[in-house]
Amino acid sequence: MKIAVVGATGLVGGEMLKVLAERNFPVTELLPVASEKSVGQEIEFQGKKYKVVSMDAAIAARPAVAIFSAGGGVSKEQAPRFAEVGTVVIDNSSAWRMDPTKKLVVPEINAKELTSADKIIANPNCSTIQMVLALHQLHEAFQIKRIVVSTYQSVTGTGKKAVDQLMEERAGQAASNPAYPHPIDLNVLPHIDVFEDNGYTKEEMKMVRETKKILGDDTIQVTATAVRIPVMGGHSEAVNVEFEREFDLSDVYRILRETDGVEVVDDVAQNQYPMPKDAHGKDAVLVGRLRRDESQPRTLNMWVVADNLRKGAATNAVQIAEAMMKMGLLSS
């Protein structure tokens, strides 16, 4: 299968190539796409060298799938051009997520909704993916009423520039090209993406809007606070979820253990709970610190951790392609 990876030289693009190789996706021809200044550079994939090509060259090659991780502006402009030649686009930016004509997909939850008419498919926000994956089966069992979530997000979610800032500051230097308006080492920034008119950041509102769309339920109330922390390897979330129906903790554990893509890590007697360093390089969403909220009925507290470059981006995108292949929705 001919595959284009748009944004192949970036952090997420590199992770997508790694995940395609690890999962033995049937790539017969790879088209790594990046900005004009990167055209001609070589990247390695499964022991072979591939030259970075231009957007126009990739479109002309008519790949079966184009996985995008090159920013919303590029996606808005270029995804329709790929779709016009019959390529299925799986887009990792926020460009198409809330478009009512486009599917927003976490394969374990809603891949069954995909059809041959879907030529541009949106990959959700990283922090939304890990939360809804942990919650969707609980929603089916107990009906979610309200979610209060606080995130603790890795600098890798911003990109290489942010990683460089953290490492320079950690070495005692001033950041040469800072990604953030303040130092990130030994600091915490309650500011991810731009602020909207309501005082929430775009990242916080993504979690609100995307959760409802993926779970297919506009009645769910969501409020979020998104925070950047000086960590590499994964995003963490404190999730407080109120249900319409009563639950038993033993049922919560059972449901989570049976949820595809979720790993329960919860043995406080042995100091075992999800941490970013343990999620790093894994596709599973780690869930722990499960306990009742003793301040109100039918409410659960949980701690959710995942590698934001993998399940939060690359792995989810590749899993969408795998699901479409399995359903016979991709041409070779």
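Two strands pair if DSSP finds at least two bridges between them. Helices (H or I, at least four residues) and strands (E, at least two) are DSSP runs, numbered from the N terminus.

This is a predicted model: local features need pLDDT of at least 70, side-chain atom pairs count only at pLDDT 80 or more, and totals for chains, interfaces and linings use all residues. Residues are numbered from 1 along each chain as its sequence is written, and side-chain values use heavy atoms, leaving out hydrogens and water.

**Exercise 1. Lay out the open sheet and its edges.**

Step 1. Start with one pair. β1 and β5 run parallel and are joined by 4 bridges. V6 has F68 in β5 as its bridge partner.

Step 2. Extend to the whole sheet. Its 5 strands follow the order β2-β1-β5-β6-β7, with parallel pairing.

Step 3. Find the edges. β2 and β7 (120-122) each have a single partner strand, so one side of each lacks a neighbour in the sheet.

Step 4. Add the twist. From one strand to the next it averages 15°. Axes here are lines fitted to C-alpha atoms, for helices over the stretch in contact, and angles run from 0 to 180 degrees between N-to-C directions.

**Exercise 2. Describe the hairpin of β3 and β4.**

Step 1. Check the pairing. β3 and β4 (residues 48-51) are antiparallel over 4 bridges. E44 is bridged to K49 in β4.

Step 2. Look at the turn. There are 2 residues between the strands, and Q46 takes a positive phi near 50°.

Step 3. Sort the side chains of β3. In a regular strand the side chains alternate between the two faces of the sheet. Here I43 and F45 point to one face and are buried, while E42 and E44 point to the other and are not buried. Buried means under 20% relative accessible area, exposed over 50%, partly exposed in between (1.4 Å probe, protein chains only).

**Exercise 3. Test the length of helix α1 and find its packing partners.**

Step 1. Compute the span. The expected span is 1.5 Å times one less than the number of residues. For the 12 residues of α1 (residues 11-22) that gives 16 Å; the end C-alpha atoms lie 17 Å apart, which agrees.

Step 2. List the buried residues. They are V12, G13, E15, M16, L17, V19 and L20.

Step 3. Find what they pack against: β1 (2-6), β2 (29-33), β3 (42-45), β5 (65-68) and α10 (310-326). Contact means heavy atoms within 4.5 Å.

Step 4. Move past the helix. α1 is followed by N24, whose phi is positive, near 55°.

**Exercise 4. Work out how α5 meets α10.**

Step 1. Take the geometry. α5 (residues 126-142) and α10 pack at about 85°, with axes 8 Å apart. That makes α5 roughly perpendicular to α10. The cut-offs: under 35 degrees is roughly parallel, over 145 roughly antiparallel, 65 to 115 roughly perpendicular and the rest oblique.

Step 2. Name the residues. C126, I129 and L133 in α5 meet K311, G312 and N316 in α10.

Step 3. Class them. The contact has 3 nonpolar, 2 polar and 1 charged residues. Ala, Val, Leu, Ile, Met, Phe, Trp, Tyr, Cys and Pro count as nonpolar, Asp, Glu, Lys and Arg as charged, and the others, Gly among them, as polar.

**Exercise 5. Is K206 buried or exposed?**

Step 1. Place it. K206 sits in helix α7 (residues 202-215).

Step 2. Apply the cut-off. At 14% relative accessibility, K206 counts as buried.

Step 3. List contacts, not counting residues up to four places away in sequence. K206 touches S94, R97, N125, T128, D193 and T211.
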